[in-house]
Amino acid sequence: MKLFTVGPVEMFQETLELSGKQLPYFRTNEFSEVMLDNERLFKKSIGAQGNDKTVFLTASGSGAMEATILNCFSRNDRVLVINGGTFGQRFVDICKVHGIPFDEISLSFDATLTLEMLEENYCKEHTALLVNIHETSNGKLYDIGMLSRFCADKSLFFVIDAISSYLADDINFNKYNVDALIVSSQKALALAPGISIVQVSEKLYEERIDGKETRTFYFDFYSHIKNLERGQTPFTPAVGILLELNQRLKQIDSIGVAEVVEHRKKMANMFRTEASKLGYEVPQYTLSNALTPLIVKPHAKQFYEILRKRYDMMVTPSGGSMADVLVRVGHLGNLEWKDYELLLGAMDEMRDELK
Ligand SMILES: *Cc1c(COP(=O)(O)O)cnc(C)c1O
């Protein structure tokens, strides 16, 4: 089965080999060194600076989203959430559960987020902006430069869920003055699910985390950051994934992040061009390089099923109101152009059945 999904994705051969090995015990100097190397390489990969803090959590991405909100915001805040789909809604739901005052900018499927919308919804009580920089449920990529300038202009903490944008789009912690950036192991890193990483700016750390009272035990960032100074985590982490992460980060470092992103971009653009030639519709809004949404209305489920059953290929189906409308073709993980040629061949053959 070839995976054109967004996570888990096709893993690299080296990762698969490593994942079959016996795990080591982790309270050792050797494991600490791996963790410090993970921290260094991860920071380098996103352009974070020396005093920015890295948190390695054993959790899926949603756990890291919740942990970030719990550690950095309280009932005394008022946050502005960009809600353009399932993942934007997740930030809203987390704020509701924890009683964090929020306002949301709800975007319809076709809408592009503009500075006017931000200005209209802003009020001076706002302390932070929360955004899934790529809304994975529909492939929409928001303008990180515009959001960054807006946050700087209004003195808002800039919190980015970059889970599906890391290594796929132009994400840079320092350049865009990001205060918290969330990444997860099962997307472009192409590892097993289970590890999420939150990069926290020095400013957010000093104002909201360092020496502050915590409302979470397992996800306490302060304790994670203090432990990482000696290359450790407070609790047993997903040891195997952290070892795989080290191998992947080294691999990415040797290729260069810009090069990795460029490859994704090339696959995405070539796929979009060819799919359009076959008569498939791609939405008009700005897209992430992580995936291509295809409007296959009302045959999206059928499209997904035919590919899965007849061609042994898995694209990403949609949920809720988009289930019959949209499928998403991933460009993450170990996929090369020959894989897309096979997919496009199948899409060509099945075209007439979708009428
Ligand atoms: C995948 C993803 C998540 C994490 O989802 P989990 O199922 O909790 O791993 C969060 N945000 C975005 C934008 C994602 O693409």
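This tour moves through a predicted model, stopping at the ligand, at some helices and at several salt bridges.

**The ligand**

Begin by selecting the ligand together with the residues around it: 13 residues surround the ligand, and the closest are Ser60, Ser62, Thr136, Asp161 and Lys187. Three of these deserve a look one after another. Show the side chain of Thr136, where a polar atom lies 2.5 Å from an oxygen atom of the ligand, then turn to Asp161, where a polar side-chain atom lies 2.6 Å from a nitrogen atom of the ligand. Add Lys187, which places a polar side-chain atom 2.7 Å from an oxygen atom of the ligand. On its own the ligand has 390 Å² of accessible area, and the protein covers 87% of that area.

**Helix 7 and helix 8**

Next, select helix 7, and colour its buried residues, which are Leu204, Tyr205 and Ile209. Where do these residues sit around the axis of helix 7? They cover an arc of only 100°, which puts them on the same side of the helix. If you now display what these buried residues pack against, you will find strand 2, helix 3, strand 8 (157–161), strand 9 (180–184), strand 10 and helix 8. Just beyond, helix 7 is followed by Gly211, a residue whose phi is positive, near 70°.

Helix 8, which spans residues 221–228, is the next selection, and its buried residues are Phe221, His224, Ile225, Asn227 and Leu228. When you look down the axis of helix 8, the buried residues fall within an arc of 165°, so they line one face of the helix. Their cover includes helix 2 (29–46), strand 2 (53–58), helix 3 (61–72), strand 10 (195–200) and helix 7 (202–209). Before leaving, zoom in on the N-terminal end of helix 8, which Asp220 caps, with a side-chain oxygen lying 3.2 Å from the backbone nitrogen of Tyr222.

**Met350 and its contacts**

Now select Met350, which is found in helix 12 (residues 337–350). Is Met350 buried or exposed? Met350 is buried, because its relative accessible area is 0%, and buried means under 20%. Leaving aside neighbours within four places in sequence, Met350 is in contact with Tyr280, Phe303, Ile306, Leu307 and Tyr311. One of these, Ile306, is 44 residues apart from Met350 along the chain, yet the C-alpha atoms of the two are separated by 7.9 Å.

**Salt bridges**

For the last part of the tour, keep in mind that side chains of opposite charge can pair when their charged atoms come close. A search of the whole structure finds 20 salt bridges, and a few of them are worth selecting in turn.

Start in helix 11 (residues 300–311), where Glu305 and Arg308 lie 3 residues apart, about one turn of the helix. Their side chains meet in a salt bridge, at 2.8 Å from N to O. Glu305 counts as partly exposed at 27% relative accessibility, and Arg308 is likewise partly exposed at 28%.

Move on to Lys175, which forms a salt bridge with Asp170, the closest N and O atoms being 3.5 Å apart. Here Lys175 counts as exposed at 53% relative accessibility, whereas Asp170, at 43%, counts as partly exposed.

Then select Glu125 and Lys124, a salt bridge whose closest N and O atoms are 4.0 Å apart. Lys124 is exposed, with a relative accessible area of 71%, while Glu125 is partly exposed at 42%.

Finally, select Lys2, Glu10, Lys338 and Asp339 together, since these residues are linked in a network of salt bridges.

Conventions:
Residues numbered from 1 in each chain as written. Predicted model: local features only at pLDDT ≥ 70, side-chain atom pairs only at ≥ 80, totals over all residues. Heavy atoms only, no water. Buried < 20%, exposed > 50% of the residue type's maximum accessible area, 1.4 Å probe, protein only. Helix = DSSP H or I, 4+ residues; strand = E, 2+ residues; numbered from the N terminus. Arc of directions from axis to C-beta. Contact = heavy atoms within 4.5 Å. Polar contact = N/O pair within 3.5 Å; in protein donor to acceptor, adjacent residues only side chain to side chain. Near = heavy atom within 4 Å. Areas by Shrake-Rupley, 256 points an atom, 1.4 Å probe, with all protein chains shown as cover.
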